[in-house]
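Student: I have a model open at the bench and would like a close look at a single part of it. Could you take me through one helix contact and then show me what lies around it?

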Amino acid sequence: MSRDWYVGFKVLIIDDEFEANNTVGRALRAIADELSKLDIGVVPALTLEDGWTSCVSDTDIGCVLLDWDIPSQTKPPGAGPERLIAAIRQRNQKMPIFLSTERMAVDQLPLAVLEAVVDFLWKTEDTPAFMAGRIQHALTAYADTLLPPFFKELVRYADAYKYAWHTPGHMGGVAFLKSPAGRRFFDFFGENMLRSDLSISVPELGSLLPHSGVVGDGERNAAQAFGADRTFFVTNGTSTANKIVWQGRVMAGNVVAVDRNCHKSIEHALIMTGAIPVYFMPTRNQYGIIGPIPSQEFSADSLRRKMAASPLIDGEGPDTVRMAVVTNSTYDGISYRAADVMRPMAGTVDNVHFDEAWFAYARFHELYDGRYGMQDAENGPDEPVVFATQSTHKLLAALSQASMVHVRDRHVAEENKVDFERFNEAFMMHTSTSPQYSIIASLDVAARMMQHGGGRVMMQDTIEEAVGFRREMARIHHQIDPDQKSAGKRWWFRLFQPHGILESPFANMSASLNQADQPKEGDLSHDPAFWHIRDGADWHGYDGVGDGYAMLDPIKVTILTPGIGADGSLADWGIPAAIVSRFLWHRGIVVEKTGTYSFLMLFSIAITKGKSGTLVAELFRLKELYDGDAALPEVLPGLVDLAPERYAGLSFKALCQEMHDFYKSRNTIAIIKDVYATLPEQVMTPADAYRYLVAGKVESLTLDALESRTNAVGIVPYPPGIPVIMPGERFDSAHTAKILEYLNLLQDFDNRFPGFEHEIHGVEAKPDPDTGQNRYVLDCLV
């Protein structure tokens, strides 16, 4: 059974005579009638601006019929049909554009126009049915190219309505119809999802494990889209993608260099491989935001010093480090110039792994040029193999757990190239023989969405929306508190960003045809210079980071709450971020990450223009409630019910002040900044410590009993999600005093403010039978 892929698409007819009572108008309306008979919708536009608005706002537009002779309503005069065609091609390189003209012969049209259009129509010479047929043909061809290999074949298979005699046991959802609960499951998810839930028994769909058939075709298409030599679809998230990379390239006893700002899965990879880690040390600022690793950390001399200082490595260590992993970008949106990471390690490191879980979009906009792992640039004869693991589902359009491993080894010496047949053994070790086909299809579609100009368009829209929000917040702050004294009711939220955002050039490229892809020099959405982190700038708080080596990503927006100064000092009053985040949650807004006086909001390609406006409105509502000293139940419903003996009778402002005073009295900001400054002593590898854990040779200890004990499980507070101590490292007063002070601080906070408890992996809070208060306990080796 074949599907008419063009059904659902519309034809945009841009012609000022569409509604005219003359020969041309009647001919255009007759074409529209014929298209309707073919189930193809028509959207008329009488001006170029109206047509451009339809192109930008309606993704169902699949074909454009443009009158070359339409008068331009936009200034300057050059902003006519030629500009519209160029703007459409910037957004979509494949959509068919038909040109109709009465007054100009084809051989007089500009070359750029001839290259951009697919065909010409003379409105009054051919029959309406013939012209509608030509449009249908072009639209069908276009629609067929939109669907990537795997998803296209999956839809075709589902359309064939074949009886299933293979797994999964629900067989297209039929089993769910035999139970009331199952029926509701079927109705909720829908027949298409269940009929496309298939198994490797279907030969038409290939297989994920050997990368055969249309699955392999989809992976090769994704590799082309993301600039990789080879791409692997991963259906269990980037946690698994990271383990695949390490299991495929690292062996027990290999020395590896690890970003201390690493994800928990890298700790797991260390355990699984038995590698010996040395660490890159990132910076940290007064807000507790993890910054870049200083570039000198990547030099051969630095790596050799780290190996020589390690108690786990004999002598000066091996000639090369087997793997180096760098988190790019960080959770908070700080990315590296990739060449500045790789070049110093050339000849010293065999493999560089960029954990780009939060950065899959970087290749698709010029703002991020040179800042991602899959850039095609030679870095010398000793260039390492480069891996990039990306959570496609995080900030692109894919289902949860949809991730990719990208590999680039085109410039690598032959002896260090990846043997993909052997590497695939690691892939199969971590991949189910029954993968979820919907996840594979979403990876396939996510790659296609970013191709043919679509990725840049979506990223441009995302960046513009984020920058617009940043500017609006800065404008409000300037109007409410022009002296920036935060006195009385004259306060507002600040943003973690460079100064001067209101004075810098910025234009919404999709707002009008006149502005379409005509950025001014230094425009905030195109030119990365404004976002560079530079030594000496007083807004970021990082030392030794050069000029442009690191950059703040504008779409990852950190909002600073009142109470903390640019130097990290705490004022007499403040509103801790935990309270703001809880308020927003009650108002239907979920933040990505909450710090002490900061919270992170992510702008993605799914952002809508009303979304950020709602956030601003709710922040104004919070300000109103704070300034009016509202009762706590009005602001944080349910908190008093959770702990009535603690919060009854307390106002919103009083709770903010109590929490702020706690932070201030405990020197919290200094502790948070210093806790990662010193590495604990390494006693054994994480893998050796894990063996103790599995053998049961551990005991749970409270914080006051940790001196000289070796940690069994990584301790990772959220936020920021960075290990303060790794498995196999020792607690001792010389190296871990700040860590213990930090953990005691969090423990006391959790007891003081029920409902605001911290999430810490590797720590369990247990009630003390004598005091009734919770005490942190963690596992140490016996």
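Tutor: Happy to! Let us start where A30, I31, E34 and L35 in α1 meet P128, A129, M131, A132 and I135 in α5; contact here means heavy atoms within 4.5 Å. Of the residues in this contact, eight are nonpolar, none is polar and one is charged (Ala, Val, Leu, Ile, Met, Phe, Trp, Tyr, Cys and Pro count as nonpolar, Asp, Glu, Lys and Arg as charged, and the others, Gly among them, as polar). Keep in mind that this is a predicted model, in which local features need pLDDT of at least 70 and side-chain atom pairs count only at pLDDT 80 or more, while totals for chains, interfaces and linings use all residues. Residues are numbered from 1 along each chain as its sequence is written, and side-chain values use heavy atoms, leaving out hydrogens and water.

Now the geometry. Helix α1 covers residues 23–37 and helix α5 residues 128–146; their axes lie 8 Å apart and make an angle of about 55°. Helices are DSSP runs of H or I with at least four residues, and strands are runs of E with at least two, numbered from the N terminus. Axes are lines fitted to C-alpha atoms, for helices over the stretch in contact, with angles from 0 to 180 degrees between N-to-C directions. The pair α1 and α5 is therefore oblique (under 35 degrees is roughly parallel, over 145 roughly antiparallel, 65 to 115 roughly perpendicular, and the rest oblique).

Helix α5 also leads us to the largest pocket, because α2 (48–57), α3 (81–91), α5, α16 (437–449) and α17 (454–480) each supply at least two residues of its lining. A pocket is an open set of points on a 1 Å grid over the protein atoms alone, where a 1.4 Å probe fits, with protein on both sides within 12 Å along at least five of seven lines; lining residues have an atom within 4 Å of a point. The lining has 40 residues, and T59, N92, M449, G454 and M458 lie nearest the centre. Helix α17 gives the largest share, six residues. By class, the lining holds 21 nonpolar, 11 polar and eight charged residues.

Two of those helices, α2 and α3, cross at roughly 5°, their axes coming within 11 Å. They are therefore roughly parallel to each other. Finally, look at H452 in the loop between α16 and α17: H452 is not a glycine, yet has a positive phi of about 60°.
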